[in-house]
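Biologist: I am new to protein models, and I would like a close look at a single part of this one. Could you take me through one helix and its surroundings, explaining the terms as you go?

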Amino acid sequence: MLNFFYNSNLFNWIEKLIKFINSIFFVLLLISLSFALIFSPPDYLQGDSVRIMYVHVPSSWIGLASFTFLAISSILSFIFKIKNLKLIIKSIAPIGLMFTCISIVTGSIWGRPTWGTFWVWDARLTSMLILALFYIIIIAIHKYIYDEEKANKISSIIASVGLINIPIIKYSVEWWSTLHQPASIKIMGNTTIHSSMLMPLLLMFFVLILYCALIFLMKYKTEIIRIKKKNLKRL
Amino acid sequence: MIKNLILMNGYGIFVWSSFLITFLVCGAFYYKTRRTLKKYEKDFAKEIKELSAEKKKLALENSEIASKVLSSFNKTI
């Protein structure tokens with residue numbers, strides 16, 4: 001079982017997975033785009049602007065989930081000194097930052113027709129912006145601090161502090177009076193979104209998760225090659 | 001129907017710009033990640049090729065990844 005985690009075995013699996021995702025990705029993307037832009041109905045109140053939800057909501061979920069995963073991995077990596085976790089953190093941070101930024105930008109665009117403004121400093125929007133800043137700090141630490149041990153230590157501390165922001169983002173719409181609407185989809189509790197909109201939303205989420213997996217695998221593979229390249233110089 | 005799809009009852013500019021930004025950013029990020037990976041593979045394969053015969057043998061015997069990258073690089077050229 002542990003053999004699986006050796007870099008050479010992981011490398012084989014990464015290559016297979018990249019090929020598999022590449023083979024199904026564009027078909028799934030076309031199907032999800034058709035549902036999001038054509039087949040799903042307009043909202044009774046927001047009209048067709050609700051279609052922005054199909055890129056905004058999955059991007060937010062991915063941004064939040066990536067940071068939670070990154071922060072937990074950072075803490076575990078700091079305690080147990082697991083080398084693979086460091087590679088995972090370095091590979092996942094840019095993906096999380098990109099989707100957090102997409103979420104902020106598409107949310108802003110959605111805000112114009114629904115709230116009448118692109119930006120307000122309300123709790124949800126501000127806490128999402130803070131999340132993007134945490135991502136930027138962690139990426140900058142790994143890029144500009146060459147001592148890996150030191151970089152990991154600092155990024156673990158920053159990630160742990162950033163983890164506090166995750167429940168703040170999640171519950172900001174309930175704790176404070178915000179322009180942002182409360183969550184319509186709940187893991188525990190009643191989902192208030194109709195199935196004709198929920199299905200395309202979940203489909204788009206699945207496609208974007210596949211995209212994340214593809215990018216993550218390519219970045220992880222790059223990191224493995226980078227380490228092997230370093231080792232080659234020691235010969 | 002196509003006109004409706006483009007205009008989306010006046011919301012077209014917001015909807016299309018959101019989708020366009022999302023997929024352009026994702027596309028650019030994919031391209032950049034793939035290019036970096038290919039560059040690393042190419043550099044790594046080049047470095048193995050430039051090693052002396054003895055060191056090259058040692059590297060390929062000790063690292064399955066090294067031989068894989070070298071063989072996939074040889075296929076592409």
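Modeller: Happy to! Read along the sequence, chain A follows the pattern α-α-α-α-α-α-α, which comes to 7 helices and 0 strands. Here helices (H or I, at least four residues) and strands (E, at least two) are DSSP runs, numbered from the N terminus. This is a predicted model, in which local features need pLDDT of at least 70 and side-chain atom pairs count only at pLDDT 80 or more, while totals for chains, interfaces and linings use all residues. Residues are numbered from 1 along each chain as its sequence is written, chains are lettered from A and ligands numbered from 1 in the order in which they are written, and side-chain values use heavy atoms, leaving out hydrogens and water.

Let us pick helix α5 of chain A, residues 148-163. Its 16 residues, at 1.5 Å a residue, should span 22 Å, and the end C-alpha atoms are indeed 22 Å apart. The expected span is 1.5 Å times one less than the number of residues. Which residues of α5(A) are buried? They are Ala151(A), Asn152(A), Ser155(A), Ser156(A), Ala159(A) and Gly162(A). Seen down the axis of α5(A), these buried residues fall within an arc of 130°, so they line one face of the helix. "Buried" means under 20% relative accessible area, with exposed over 50% and partly exposed in between (1.4 Å probe, protein chains only), and the arc is that of the directions from the helix axis to the C-beta atoms.

What does that face meet? The buried residues of α5(A) pack against α2 (53-80), α3 (83-115), α4 (123-144) and α6 (165-175) of chain A; contact means heavy atoms within 4.5 Å. At the N-terminal end, Asp147(A) caps α5(A), with a side-chain oxygen 3.3 Å from the backbone nitrogen of Glu149(A). That is a polar contact: a pair of N or O atoms within 3.5 Å, where within protein one must be able to donate a hydrogen and the other to accept it, and residues adjacent in sequence count only if both atoms are side-chain atoms.

Now for one of those partners, α6(A). Asn165(A), Ile166(A), Ile169(A), Ser172(A) and Val173(A) are buried there. Viewed down the axis of α6(A), its buried residues fall within an arc of 145°, so they too line one face of the helix. They pack against α2, α4 and α5 of chain A. Asn165(A) is worth a pause: its relative accessible area is 7%, and its side chain reaches the backbone oxygen of Ser127(A) at 3.0 Å. Not counting residues up to four places away in sequence, Asn165(A) touches Ser127(A), Ile130(A) and Leu131(A).

Finally, a step back. In the largest nonpolar core, which has 55 residues, Met53(A), Phe99(A), Tyr211(A) and Phe19(B) touch the most other members. A nonpolar core is a set of buried Ala, Val, Leu, Ile, Met, Phe, Trp, Tyr and Cys residues joined through side-chain atoms within 4.5 Å. The elements giving two or more residues to this core are α1 (7-39), α2, α3 and α7 (195-233) of chain A, together with α2 (12-50) of chain B. Apart from this core lies another, of 18 residues, and Leu131(A) is among them. Over the whole of chain A, 49% of the 235 residues count as buried.
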